[in-house]
Every structure is written in structure tokens, then in C-alpha cells.
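Trainee: Please take one part of this structure and look at it closely with me, after a short view of the whole chain. I would like to follow how the pieces connect.

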Amino acid sequence: MSSSPQNAAEKPWGDKVAETVLSVYSSLPKKGKPQGREVTVLAAFLLSNPSQELQVVAMGTGTKCIGRTRLSFNGDVVNDSHAEVIARRSLLRYFYTEIDCITKKYRNHSHNSGGMVLQCDDMANSIFQPRSDKPGQEKFGLTPGWQLHLYVSQLPCGEASLNSHMFTSLSSPAAEIPNTEYVPSEYSSRANDACFEVTGTVQRKPGRGDTTLSVSCSDKIARWSVVGVQGALLSCFMEPVYISSITVGLSQFDSASSLTANHLTRFLHERIISLSDKLVEPFQVSKPLLYVAPVPPKEFKHSQTALETLTCGYSICWNKSGLHEVILGTTGRKQGTSAKGAMSPSTESSLCKRRLLELFVSLKEGSRITEITYSELKGWAEEYNVASRAFKASPHFRNWLLKPQNLESFSCKRH
């Protein structure tokens, strides 16, 4: 679904983005959406073409993540089901689909003509184009004139939320205690799911009595602004893809757009600017434009007390390529998973690491690749890993949470 610039020329960019996202969300069935007093968070990635027409390509909802005792060494659960993370993983599947499609076109054309150049008509609707500056190492990049945008219905948890009126009004009972890892169950608002740690450092998403190893969405978005949203595996096929703009919905408690913009600037721009001279092309410090959108609909409005609203436990996963499923955020598996079949492959979300690894393997040629571990394959993206290490060595991100080394020692081969 797209938004025409002729119909929205007079509207602020943030309004235009929000309307486009909410229109797609409204078109989805009720499954996984908040019911009754429940609320959630909505995030979406959009692409704009040279005419500034917007289309939503990936979307996610959710506020939950699993604790360390539920982590799987088989890559078959989704550890973090916050909206921004779900939307980004849905985006990765969209990228895989697009790359698979264009790769097949190139192979067919190469077989028929002996060359790798497609006609202009074949590329007209493609979001990716090959970069030919490295012969024999062609990677795909966003087609010139196309840009990626992020929408979130409220300030991301972590650094972006710490000093907002909404955060302090909701989290005051625990906010004075630094490095808190446990949040009492009566605090059910997403704002309380932000991390109570020292400002300016990496913050942990709290669990309900079970400590998580997931960092805040603010920290993850900051990382995407340095290494790109595509991650390590996709970096084997494509250049880094950066977010051009971030739009955040205003809070009913913190309605001043200037305050929201200040929070966004602090958590994003100010913490990564020192990396500008430490990265090697094609990586860079990206400074997305920051916008605010109107207060979102009721199901995304988090109240001041848990007596008024409850957080929805489900996460909707959607993308333009046909993905549409619902995850239970506290288990990291598909909605409806029974205790009896909890470990069955049929309960695995399309967004878990194992399923994303399968997409990678389907694109990468090689007979033994199914036996190589997820961790080893990530190591193939050397340039990406150099940029990632530089990011984690910078002052604000040195305490990035490390997961057990064998957590990614699985392969595509099922035993």
C-alpha cells in the first residue's frame, strides 16, 4: 500500500508516514491484535521511491522478550519480540525475497545472453541494483532514489525513553534504582519495560523475574545506524542499508514534539557521532532525519497504571512478500503452540535465526554450507564484523551484552 504525494503534499512527513503505516495495520485481521484493555507497540519499515511515494514493506508489534533460561541453542525461538525488532526481522525476510527474485533474473539473463546486465525495463521496479565497482564480488544496494524509513508508535525503550515525561511518570517506583534487572509484575506498561540503567550506556530489557540478554531498542537502532539494518548474513549479498528517517508517535503524556525530537537526537546522533572516523566504506555513521507523528490510536496508548491497560503478549509479524504470523512473545514461538508439540519445527517462527539461516543457505551456493554453523557463517561478513567491533568498542556501547558463545553453534542440518 502506498501514499501518493499528490494526496498528502500538504501534510507533514511524520503524519504521512503514520497514516500509511496505520492504514496497513488496520487492514490486517484481528489475530494477534490487542483486545479489551490490552495495548501494544507498533513499528514498521517503509520504502520511498524517487517520487517520495511511500509503501510499507515490513511491520511488527509487541512488547515482550524471553529470559535467559528460555534461550535456545538451536536458533528456533525469537528472543526479542519488541515491535522494532519484529519489524526489522520481517524486513530481513523481505530483503531475502527481493534478492532471490533479482538473482534468479540475473542468472536467467546471464544464461541466455552471457552477461550480467539486465535491460532497464527489468530493473524499473526493483528496489535493489548490483554494485559493479568490485568485479567478481558484486553486491546489491538500494536503487538510487529509494530510501528506507522507520516508524514507531512511541519512543523506543531504553535511552530514548529514560527522561521523557511518559517514562518517568510510569516508572517512578523503580526508576531511582540503577541497573535493575527485575521489574515487578504489576508494572505492565511498555514504558516500564524500558531499562532502568545509567543514562548513556547499553541497557538491558528486563524480564519478569528471569533476566534477559536482550539490549534495548534504542541501542539496537543506534547500532543499525552504524552497521546497517541488514545484519551479518545479508552483508554477504548486499551493501549496508541505512534508515533515512525515523518517525515516532507522540505520547499522550509527553505531547511536545520538540521534547520527543530531543530524546531521539540524544539516543541516536549524540552517541554514535564519535564513530565517524573509525569506519571504512561502505560503512558510515548514518544520521537519519527525525520526525514526530500524532498520538497513535487507543491500542497503542499506554496508560499511567496497570489498572487501566495491560500489554498484549502477542507480536504480529508482517511483510509485503506474504509473511503474516503471530508470535507469543514470552515463548518466542508461534501463537497456538501446545505444550505437547512445543519443540516441533512447525512451532518455529519464520523470524527465528534458524529460519533466517535457511533463507541465507538457499541463496548461497555450496554443497557443505548446511553443515556450517550460524556463527561461522556470520564470520564470513568480514567488513560488517569490523564495523560491528568498532561500534561495540565505542564509549557508549562497551558494555554491550554478550550471549553464550555456543548459542549460535547450530546449523541448517537438523538432527
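**A close look at the salt bridges of helix α9**

Mentor: The chain holds 11 helices and 15 strands, where helices (H or I, at least four residues) and strands (E, at least two) are DSSP runs numbered from the N terminus. What you see is a predicted model, in which local features need pLDDT of at least 70 and side-chain atom pairs count only at pLDDT 80 or more, while totals for chains, interfaces and linings use all residues. Residues are numbered from 1 along each chain as its sequence is written, and side-chain values use heavy atoms, with hydrogens and water left out.

Of the 415 residues in the chain, 56% are buried; buried means under 20% relative accessible area, exposed means over 50%, and partly exposed lies in between (1.4 Å probe, protein chains only). In soluble globular proteins, nonpolar side chains tend to be buried together. The largest nonpolar core (a set of buried Ala, Val, Leu, Ile, Met, Phe, Trp, Tyr and Cys residues joined through side-chain atoms within 4.5 Å) has 73 residues here, and Leu-357 and Phe-360 are among those with the most contacts inside it. Helix α3 (residues 83-113) gives the largest share of this core, 10 residues.

Now to the part itself. Helix α9 spans residues 353-363, and several of its charged side chains take part in salt bridges, a salt bridge being a side-chain nitrogen of Lys or Arg within 4 Å of a carboxyl oxygen of Asp or Glu. By this rule the count comes to 11 salt bridges. In one of them Lys-353 pairs with Glu-408, and the closest N and O atoms are 2.8 Å apart. Because Lys-353 lies in α9 and Glu-408 in the segment after α11 (382-393), this pair ties together parts that are 55 residues apart in sequence. Lys-353 counts as buried, because its relative accessible area is 12%, and Glu-408 counts as buried too, at 16%.

Arg-355 has a salt bridge with Glu-348, for which the closest N and O atoms are 3.0 Å apart, and another with Glu-358, at 3.8 Å from N to O. Glu-358 and Arg-355 are three residues apart in helix α9, so about one helical turn separates them. As for accessibility, Glu-348 is buried because its value is 2%, whereas Arg-355 is partly exposed at 21% and Glu-358 is partly exposed at 28%. Elsewhere in the chain, Asp-80, Lys-205 and Lys-220 are linked in a network of salt bridges.

To set this helix beside a strand, consider β9 (residues 147-152), which is largely enclosed by the rest of the structure because five of its six residues are buried. Strand β9 runs antiparallel to β3 (residues 42-48), joined by six bridges, and parallel to β10 (residues 243-249), joined by five bridges; two strands pair if DSSP finds at least two bridges between them. Val-152 in β9 is the bridge partner of Ala-43, while the bridge partner of Leu-150 is Ile-246 in β10.

Finally, compare the loop between α8 (257-272) and β11 (289-293), where Lys-287 lies. Lys-287 is partly exposed, because its relative accessibility is 49%. Leaving aside neighbours within four places in sequence, Lys-287 is in contact (heavy atoms within 4.5 Å) with His-269 and Ile-273.
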